[in-house]
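Visitor: I would like to take a close look at one part of this structure, the place where two chains meet. Could you take me through it slowly?

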Amino acid sequence: MTHGLTDALFYEKVSSFLVWFYVVLAAMNGIAALYVWRTGQTKKWIGLPGGHGLGITNAVVWLLVAAAFAVCAALAGSGMSGNGAWMPSMPEAWKNFIDSNTGPVVYSLGTTVLLAALFVFRRFFTTPAVAWTILNLMLLFLGLSMTDRDFFEIVAKPDNVPIVMLILLLAFFTWLATYRAVINDDRMERGEPPLEKLDDEKVLVWPDLVYIELICMIALTAFLIFWAIALPAPLEEPANIAKTPNPSKAPWYFLGLQEMLVYFDPWMAGVVLPLLVVNGLMAIPYLDFNKQGNGYYTIKQRKFAYLTFQFGFLEIWITLIVLGTLLRGPNWNFFGPYEYWDAHKVEAADNINLSQIWWEKLLGSSLPMPPSGAGFLVQAGHILLREWLGFALTLGYFIVLPPVLALTVLKRYYQKMGLIRFMLMANLLLFMAALPIKMVLRWVFTLKYIIWIPEWFLNF
Amino acid sequence: MPGLGETIRESQIWKSIFRHPMPVDRRNRIVVMLTNFFLHLHPVSIKKQGIALSYTWCMGGVTFFLFLVETVTGVLLMFYYRPTVQWAYTDIQMLRDVHSLGILREIHRWGAHAMVITVWLHMYRVFLTGSYKPPREFNWVVGVLLLLLTLLLSFTGYLLPWDQLAVWAITVGSNMARAHPFLGHEGPGQQLLTLGGVDMITSASDARFALLGAREVGEETLNRFYILHCIAIPLGVALLLAIHFWRVRKDGGISGPL
Ligand code: HEM
């Protein structure tokens, strides 16, 4: 996409985007300043010395931020001349630091810690001023990184642009929902009804709803037309079955599944797990017996359901999609956000199966392989012997663990749900947990398969 | 002299279509909701909270609107597109380079991406407000099916431009079906399905073959995906949407605290 461009042409191209980007950021902060000021929400953040009561208010701060972004816009415009020296950019040293310190492990653990921190300290992070600061920082990070060719190459790829929108929209709506949940939880603790209850007077659909719909449709149409003009749809070379691109990627919304292929064979990552996701989603209303939290935002009243869903959605589904789309390059190797996608990068892949660990490493003997041409029973016997540890662990996990849970930590759930519903839930949860467990086993023990039966295409 | 607008609104034709004048009073605002085909999907009155953007995010509505946009632009695109290996790519190229309606393809493509995003956000909102709880359990199930069909719509459409991006995305995506337990020729358990010593599940009879219509992504696949994309899946979505909207009403309107 930009490979054919000289540096000068590249800077011209980003610059024409970044100028508008920073102008929008400046306008956003200007409007925020105006909004806090006009709605009487000004707060003094820093008192000035002198005892005259003057201070720097939040409105002033957002105004200053707007001014700073305006300066950024002007500086970014300097790239129009084909020289990027003055464009606001991420310092080289930071880029190198980020590239050399990220990998699947840091990325996965990092997002986990981040999401956990956002959840635990949600009261702090949903404060409008804090959330606004975070939004500004996210967008600033995007702007500063765009001048990097490798970053631009991957983020501005037309079919990847939706991912950037998805991240921003999810950030916004997660903030909105959490913000309201925190308020509701406080209110209900004081014995007041949730916010939603305050609005239960009835209004006529015409005009109240019909007009909202009309305005939404017009705004959306305008947005789509703008998007369509600004960003041409991709059209690569004509299809050629003989020429495999590297990397070959599925459409972005399936890249979480493709990323799972690193840890599971296709029959799991591509068939069993997706089917379980769909069925698990459909089962939610029949498994969640909690009557509370119907029709309003709350976290405290349904913590278990909330955390389980967020774990599956934000922590696994979304995080893996972002990883698979933006950070996986040729040969599905991991690349830092500012790293060149070098097709010759080699990564050590000396993963080992559980049966190898048992027979070869621990017992120092060789794997009991069935003799070629053996009958089914002989073959099965050898396989059973070879993989006994994996079988034992897997059966223990899926068959022994649920009853144990029912009698211990999840006793209350078992009593409420009854046998069948509880077993269904327990197994869905265990399947969901199988992915992170396998990821950790891979990172810590370079474990490839727990059960390895290539004879039957059955690797787990 | 009555103005032009008034003349039109007083004409027999206009009155035969719109059975009520522009509703300005309470009675007519109620009646218009009941007598207009498009508006009668809505209730007449609604709890204020049910139309609050901060509650519903309007995401279900936005998804539905995007579906309509996709339908209209999709039909127009079909005028310019022939689903054959010979023509598919060049037709898309022409759409970009020659036809003045070229922007249609952009709207259709970005609208499809946007629809995937908004349907996830809609599900996210429904979950976070606990709106799947009784009596709305079944509508959540219908929703999950809609989500699945939305993804499949997007996936089948991805192949149609017949460029490298398209075929390889579909190749990678459909390779999974090869490993379908029992039904894929490289899936666990397929060797159990034999008839008189002959394998029943081979690369020419497995789940992937059923999906692609051939061993590799090719002419048959293009035809299959085109029909799925333009006819079969949209019909399924339309049916499920009718049920979904009907159930929203029958389940007592938009959820809210009791
Ligand atoms: C093509 C996709 C879909 C369309 C066009 C659609 C449309 C809508 C619309 C217009 C509403 C009215 C309220 C609102 O806008 O939030 C609604 C409500 C609802 N939707 Fe969907 N939906 C879709 C997919 C889904 C999915 C994926 C789910 C869940 C997995 C779902 C579950 C529900 C439920 C439970 C309600 C009732 C919510 C309430 O009463 O608060 N829908 N849908």
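Which side chain meets that of Arg109(B) in a salt bridge?

Guide: In this predicted model, the side chain of Arg109(B) forms a salt bridge with that of Asp159(A), with a distance of 2.7 Å from N to O. This pair belongs to a wider set of links, for the rule finds three salt bridges across the interface of chain B and chain A, together with 38 residue pairs in polar contact.

If we turn to the elements involved, those of chain B that give two or more residues to the side touching chain A include strand E1 (45-47), helix H5 (59-80), helix H7 (103-128) and helix H8 (137-159). Among the elements, H7(B) gives the most to this side, with 18 residues. Sorted by class, the side of chain B that touches chain A holds 58 nonpolar, 21 polar and 14 charged residues.

The interface as a whole brings 93 residues of chain B into contact with 96 residues of chain A, and the two chains bury about 8700 Å² between them, of which 74% lies on carbon and sulfur atoms. Of the area that chain B buries against chain A, 9% is supplied by Trp110(B), Trp120(B) and Tyr124(B), which is more than any other three residues supply.

Strands take part in the meeting of the chains as well, since strand E3 of chain A, residues 202-204, pairs with E1(B) in the antiparallel sense over three bridges. Within this pairing, Lys202(A) stands opposite Lys47(B), a residue of E1(B).

Conventions
Residues are numbered from 1 along each chain as its sequence is written. Chains are lettered from A and ligands numbered from 1 in the order in which they are written. This is a predicted model: local features need pLDDT of at least 70, side-chain atom pairs count only at pLDDT 80 or more; totals for chains, interfaces and linings use all residues. Side-chain values use heavy atoms; hydrogens and water are left out. Contact means heavy atoms within 4.5 Å. Buried area is the accessible area (1.4 Å probe) that two parts lose on being put together, summed over both. A salt bridge is a side-chain nitrogen of Lys or Arg within 4 Å of a carboxyl oxygen of Asp or Glu. A polar contact is a pair of N or O atoms within 3.5 Å; within protein, one must be able to donate a hydrogen and the other to accept it, and residues adjacent in sequence count only if both atoms are side-chain atoms. Helices (H or I, at least four residues) and strands (E, at least two) are DSSP runs, numbered from the N terminus. Ala, Val, Leu, Ile, Met, Phe, Trp, Tyr, Cys and Pro count as nonpolar, Asp, Glu, Lys and Arg as charged, and the others, Gly among them, as polar. Two strands pair if DSSP finds at least two bridges between them.
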